[in-house]
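Let's walk through this fold together, one strand at a time. Have the structure open beside you as you read.

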Amino acid sequence: MWKELKKNQLVKYGAVTTVTTIMPFVSKPGYVLLRKWIAGGICRSRAKLHGRTVVITGANTGIGKETAWDMAMRGARVIMACRDLTRGEAAAAEIRSSTGNTNVVVQQLDLASLGSVRQFAREFIATETRLDILINNAGIMLCPKSLTVEGFESQFGVNHLGHFLLTNLLLDMLKASTPSRVINVSSIAHQGGKIHFEDLNFDKKGYNSVIAYKQSKLANLLFSRELARRTKGTGVTSYSLHPGVIRTELWRHSQSKYPTLSAMLSAPAWLLMKTPREGAQTTIYCAVNEGLEEKSGCYFSDCQVKEPAPEGRDDLAALRLWGVSAGLVGLIKNN
């Protein structure tokens with residue numbers, strides 16, 4: 001029975017409904033196959049990263065932490081860019097202990113503050129000699145309306161503008177370390193999204209956390225496409241991805257406002273969601289898999305190229321978003 005359902009249907013109809021419908025009919029072997037199917041693609045690359053430097057935002061928890069662990073296992077110098085230094089240091093200590101890689105460090109980064117982003121970039125450029133892989137992983141989802149330090153709607157500010165500024169500030173170092181990669185964690189939620197250029201903060205139409213989240217995830221994808229266009233021929237490549245529906249604390253803001261989601265996130269509904277390690281696989285794939293250079297600008301899911309929704313292929317919107325974003329964060333616009 002479960003074979004007849006597609007993954008997007010599991011999301012569309014809700015984990016509670018599908019678990020209730022499916023689980024009574026699934027045998028133990030069937031459950032194993034179900035879990036394998038939900039887990040999705042696996043990065044099978046054995047690439048080593050000795051002598052390479054990787055920056056990962058939001059690396060103290062969830063798929064960011066799993067990505068940091070994988071990069072450390074491959075021998076990279078890992079910079080965990082975290083808002084909470086205490087939690088970041090605890091995660092780094094765990095990764096150093098479990099991988100044997102002592103070259104894992106934490107640096108403070110609050111993406112809700114462009115000042116913090118600039119400070120992170122200044123310190124990184126002053127102390128590091130190269131940057132091979134930048135993984136823009138951190139994000140917030142479905143939170144009540146709030147503003148960043150500079151007054152931007154938080155989901156757009158944290159998920160997009162903070163990473164946009166960070167990437168641009170580190171772009172020269174990426175170019176000096178080629179071949180290098182930028183990975184932007186987007187989401188299938190970009191489908192049906194729209195960049196509300198005339199009302200990015202939702203001051204005029206009223207705030208809806210779902211619509212705001214979709215805008216931010218579409219922005220991640222469009223930014224990645226435009227970055228790929230601008231860096232073509234430089235040795236820097238750019239990729240965006242959907243990690244899957246994952247059991248992480250990213251859901252923390254949604255459960256009080258959306259009771260159905262709260263029920264979905266309780267056992268046994270968790271069985272229909274990826275673990276953080278499973279959810280990190282496509283990020284890892286984009287970071288290390290050999291031969292992806294010709295796929296710069298592409299969108300990935302389950303460790304393979306996927307066609308984004310039409311709104312995610314709008315290159316004019318991507319160009320406009322770049323210009324608007326550059327103005328908002330105080331960068332000189334480049335054509």
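A good place to begin is the pairing of strand E7 (residues 299-301) with E8: the two are antiparallel and share 3 bridges. Here strands are DSSP runs of E with at least two residues, helices are runs of H or I with at least four, and both are numbered from the N terminus; two strands pair if DSSP finds at least two bridges between them. One residue to look for is Ser301, whose bridge partner in E8 is Gln304.

A word on the source: this is a predicted model, in which local features need pLDDT of at least 70 and side-chain atom pairs count only at pLDDT 80 or more, while totals for chains, interfaces and linings use all residues. Residues are numbered from 1 along each chain as its sequence is written, and side-chain values use heavy atoms, with hydrogens and water left out.

Now step back to the open sheet, where 8 strands with mixed pairing follow the order E3-E2-E1-E4-E5-E6-E7-E8. Strand E3 (104-108) and strand E8 (304-306) are its edges, each pairing on one side only.

Over at E3, strand E2 (residues 77-82) runs parallel to E3, joined to it by 5 bridges. Among the residues involved, Met80 has Val106 in E3 as its bridge partner. Together with helix H5 (residues 85-99), E2 and E3 form a right-handed β-α-β unit; right-handed means that, with the strands pointing away from the viewer, the path from the first strand over the helix to the second runs clockwise.
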